[in-house]
Structures are given as C-alpha cells and as structure tokens.
Amino acid sequence: MMWGCFSSAGIRRTELKGSFLHKTIFSQTRLVLSLSPCKNDVVRIVIDEAQPIKARYRVPDLNQHHSQTKDSVTLSWSSGHYQVLMVTFNSKDKLWFESLQNRPSSLPSGPSSLGADLCLHGFQHVYGLPEHPDRLRLRDTSDGEPYRLYNLDVFAADLYCRLGLYGSVPLLVAHKPDRTVGVFWLNASDTFVNTPPVKRRRLRPQTDVRWLSESGVIDCMILLGPRPQQLFKQYAQLTGYQALPPLFSLGYHQCRWNYNDEADVKAVDAEFDRHKIPYDVIWLDIEHTDGKRYFTWDPALFPKPACLQHHLEKKKRKMVVISDPHIKVDPDWSLYREARDGGHFVKDREGQIYRGTCWPGDSSYLDFSRPATRAWYSRCFSLDKYKVRIRSTTCMILLSVVYFVCRAVWTGDNIASWEYLKISIPMVLSLSLAGIAFCGADVGGFVKDPDPELLVRWYQAAALQPFFRGHSAKDTKRREPWLFGEEVTAAIRTLKLTIIKDMLTCECAGFLSCFLFPRYAESILVFSPGAEAISAPFEVLEARCMLTLNNLNLRVGMDWEIRIN
C-alpha cells in the first residue's frame, strides 16, 4: 500500500481517489480508496470494494459539507501506510477487507467483515467508545475481551465489562496537555475495538487501536483538533449539535415503573409539596397504557389523563409518558394496521414482517433506518393522533436507551449499590465526551433497594448530571424521599452541593451555569473558606439558568458550597 502525510498546508482541498489490490491467503480484492479533507481539519478515509456483488451499507444522514476556505492539506506518498499528522492509518499493515460472496451464510451476502489499525503517536490516554460500565480511560485489552460496540439491553450488567450495552458511539478521543485528536469510525455494524498496551518509547509514547466491524465499508474520520474545543466542534459538524433541552427537563424528574393510577400520581405530587421538595416532572412508565398499546391509556387506571395533566400544569409541572418503539401485534388496533400497511416494520430475509417478543408479547419493530418511518412515527405524537395530550403541556423529551449516535440518553437498568453509584460517574462522562451531553443514571438504582445513606449520596451525585431522575422497578420498595424519615428528607430537600471550581465557567462579574431546581431558586448563597457568605441573584432565562457573581475573587481549586434559598 501507499502512505501519505497530512498537515495544515499544501494542496487545495480536493478529494483524492485511487485503487489498489488487497491480497489475503484466501482471496484478493480490488479496493477503492477515497481521501477527502472535510470542513475544519477533518480528514475522511473511505475504502470500499471496486466492484461488489451488491452495494455495501453506509451510514446515512451524516453532515458531509466540505470547507470553502483556503485551508488545505499536504500529501506525500511512499510505500507502507497512511500517516495523518499524529495518527498513522494501517500502521501495522493489518488492513482487512473480506469481499462479498455469493455463498450460503447467515449473512445476506456472505461474510463481509473489515478492519484497520491506527497508531496515535505521542498519546497514552484514550477515551470514548460508550456505552460500557467501565472507567473513563480506555484500558489495555490485550488481557481479555475487546471493547464491543453492539446494542444490547443488558439488565444489571457486570461492572468493568467491555461488552456492549444499550448504545454505541464509535468515537475515540486521544488527549494530552498540548494536543487532542479523535477517530470517528462511521460503521453501524457489530464492531470490536482493541486497545493494546501503550508503548512508551524513549522520546514519546504511542497508542495502537485496532477496529474490526462485521460489515459495511471502512469510513474513518480523523478529527485533528488540536484542542478539545475544536475537536468537539468538528465532531458536532459531522453528526449534529446538541439541541438545548426544554427548560423543565433540567430540573428533577420523579419516575417509577409504575405509578398505580391517577390517584397515586396526585398523592405523590401532593407529598412533594407537603415536604417542600421541588421537582419539575413526573413520569408514567408503560403500565399506563391499554394493554401496552403505546399512545393509549388504561381506561380503568387513567380514565381522565387530560385532567391529570391540567392538575400538574397548574403547578407548572410536566408529565412524561414512556412509549417504546416496538408495536404490539394486534390487527384490531388502528396504529398497528397503519404501521403494517405503510411498510414501516422491519422485515426478515423472506420479506415478511419480523415478529419478536417484548413487553406486550408478540411485537413488531419499526424500521427507523427509513426516513418515511421516522416521519410517520414523529406524527404519532401529534395532537390529532395522541388526542389526550393537551396543547399547553406539549413539550417533548426524546430520550434514548438504545442508540448509535444521539444526543440524550440514560445509562439503563442499574442496581442500588455503591459500586453502581461509583461507575455512573465515568459512564456519564464517557457519554458526554461522545457528544451526548443530556445524560444521567437512575438515582438510587433501578433494581434492589438502597439504604438511606446510599440514596442521599446518589441524589447528591446525580444533581450534577444534566438528566436528573429518580427511577425504580415495580418490584422494589417505594422510595420517595419522605419515606426514609425526616433526616433523609431534609438532606434531599436542601441538597447542599460542594462544587469544584474547575467544573464551572466562572469569572468576576461573570456567570455560573446552574441546572439544579431552576424553577424554584430565587437567590443562591455562595460560601468560600474564610469569607462571609455572598448572596447572588439567580436568573431564569429562556435558554438556560444563570447565576451572576459580582466582585468575587476566585482561586483555582477553591471549594464552593452552594445553597438554594
């Protein structure tokens, strides 16, 4: 193969193409290489078969706008491998591309795996590749399983495990004090990523990364940074920016699988008021539906859903109902017939609608790879379809538990234990590094019962996460804060937070972002060691909530204690 070196000056931004013969002991395949510099210092490498028996799958809907600036890249050729600034592509000459074949296989076109390796020069700290219940920095995988990117609903997953969980984001970030680069492997098939031990050489270390995917094409983007801010901007320009979530969603959410009926919901709401614990949203899980037919209501348990929403709206609160994307197989149900007749369900290889088993029993699954299906499903939430939604409380939260590249998730079914509380921090940070800023973990653990101290500590930790929701399974004990006694209730009510200065953006006469109970705060007391408390006004803006601090000298690393009045 050939190699090229890319930097910030040289040839004009044009796409380069070439072909080469890829040989293995089993076969040889002519491949086509496409190398294109994209907007803002991103280099894209695409390798595909020159003449496949059928087109390989490519991930659609990526923003592929090329830069119109005068910036350019430098390219020089030799033999061996491609080198992209501080990243070498195919550094170990392990490029793998299994050609499509007409032979019996469980796969539609036979085996079609592919892979490549990259060397990150000068880096020994790499992050990303969510979702895994593991520490923030990616570990050496030479002693066990690679990191797997494969969406699985894993109930109470083993901790420090590299198997895939609910979602997959194939973004790897390498960082050191003076440089940050990223690798975005745009492939949605089952993928394994090996990160062997860091090689510490005399001059500088290096990290090798090996990618292997089940099918598709090699579509690899090198994000050149050089700073974290530039890298995340480059990634957002490829995949989309984080939309500002609705203001109410930044407050506290109360949820359970499931609140029993309308009376139960009103009773919980009243207890929050009686104990003066602020919250913004109450959730209903799937048991609120008529036989788990989503977009419906159980006529016995929730006979007047609009009245229930009006009751909450008077207190400036919202109600969120959970609707899963599988559809109960019921030919007598109009929504099922509409999805079936519109061709919106996933089909098997014989062209028949696929049937699986989920909460409703026999279920069919919507094919969200089709733009028409996505458009149809979004219309299911409209007022004329979902008639019991009231216009004044129509605010949507699109929160995923299964995802590829998205913008809002929670970490899935966790356990009420100190170990799961601890692992929730690196999991949420890893999601944030992958562009999923609106994320959080179920407060208190979804299954099993937390002791009082664990519950309080979990509330304190989760208050710093953008998505702040208490949630629990229906076979657990009720765990609303007031059920644990006045000491626990008071601790959760006041929620005295110690916030490290380095986590905040704050200047003299500047701003401090605050996402905790925004609707209820009018002023905030800021305490610093050896100084009197400073009362600061708290302002709720349309897009965010800001705390203004005037004439306050800050020291790096200073501990702050913030109390909401």
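## Strands β12 and β13

Let's start with a pair of strands: β12 and β13 (residues 179-185) run antiparallel and are joined by 6 bridges. Keep in mind as you look around that this is a predicted model. To get from β12 to β13, the chain makes a hairpin through 2 residues. You can pick out individual partners here: K176 is bridged to R179 in β13, and H175 has T180 in β13 as its bridge partner.

How well is β12 covered? Strand β12 spans residues 171-176, and 5 of its 6 residues are buried, so "mostly covered" is a fair description by the under 20% cut-off for relative accessible area. As for β13, 7 of its 7 residues are buried, so the rest of the structure largely encloses this strand.

It's worth looking at β13 face by face. In a regular strand, side chains alternate between the two faces of the sheet. On one side of β13 you'll find R179, V181, V183 and W185, and on the other T180, G182 and F184; they are all buried, which leaves both faces covered.

## More partners on either strand

Now add the neighbours. Strand β10 (residues 126-128) pairs with β12 in the antiparallel sense, over 3 bridges. If you want a spot to check on screen, find V126, which stands opposite A174 in β12.

Strand β13 has another partner too, namely β17 (residues 218-223): these two pair in the antiparallel sense over 4 bridges. Here F184 is the one to click on, with M221 in β17 as its bridge partner.

## A proline in a loop

Where does P130 sit? This proline is found in the loop between β10 and β11 (147-149). Is P130 buried or exposed? Its relative accessible area is 2%, and since buried means under 20%, P130 counts as buried.

Who are the neighbours of P130? If you leave aside residues within four places in sequence, P130 is in contact with L149, G167, S168, V169, S430, L431 and A434. Some of those numbers are a long way along the chain, and M427 makes a handy example: P130 and M427 are 297 residues apart in sequence, yet 7.6 Å apart in space, C-alpha to C-alpha.

## An open sheet of 3 strands

Next, hop over to a sheet made of 3 strands. This one is open, with the order β21-β23-β22 and antiparallel pairing. At its edges are β21 (326-328) and β22 (356-358), each of which pairs on one side only. Neighbouring strands in this sheet are turned by 55° against each other on average, direction ignored.

Zooming in, β21 pairs with strand β23 (residues 361-365) in the antiparallel sense over 3 bridges. One of the bridge partners to look for is S364 in β23, which goes with I327.

## The buried side of helix α5

Time for a helix. Which residues of α5 (residues 371-379) are buried? They are T373, W376 and Y377. These residues cover an arc of only 95° around the axis, so they end up on the same side of α5. Part of what covers the buried residues of α5 is α4 (334-341).

## Two nonpolar cores

Which residues have the most contacts inside the largest nonpolar core? That core has 66 residues, and the ones with the most contacts inside it are I282, W283, Y459 and F468. Helix α7 (residues 452-462) gives the most to this core, with 6 residues.

Take I282 as an example. Not counting residues up to four places away in sequence, I282 touches Q254, Y259, V265, V268, L312, K318, M319 and V320. Apart from the largest core lies another one, of 33 residues, and I45, I47, L129 and V183 are among them. You've met V183 already, as one of the buried residues of β13.

## What about the cysteines?

A disulfide is a covalent bond between the sulfur atoms of two cysteines. How many disulfides does this model have? The count comes to 0.

Two cysteines are still worth finding. With a relative accessibility of 6%, C38 counts as buried. C380 counts as buried as well, at 2% relative accessibility.

Conventions. Residues are numbered from 1 along each chain as its sequence is written. This is a predicted model: local features need pLDDT of at least 70, side-chain atom pairs count only at pLDDT 80 or more; totals for chains, interfaces and linings use all residues. Side-chain values use heavy atoms; hydrogens and water are left out. Buried means under 20% relative accessible area, exposed over 50%, partly exposed in between (1.4 Å probe, protein chains only). Two strands pair if DSSP finds at least two bridges between them. The arc is that of the directions from the helix axis to the C-beta atoms. Contact means heavy atoms within 4.5 Å. A disulfide is a pair of cysteine sulfur atoms within 2.5 Å. Axes are lines fitted to C-alpha atoms, for helices over the stretch in contact, and angles run from 0 to 180 degrees between N-to-C directions. A nonpolar core is a set of buried Ala, Val, Leu, Ile, Met, Phe, Trp, Tyr and Cys residues joined through side-chain atoms within 4.5 Å.
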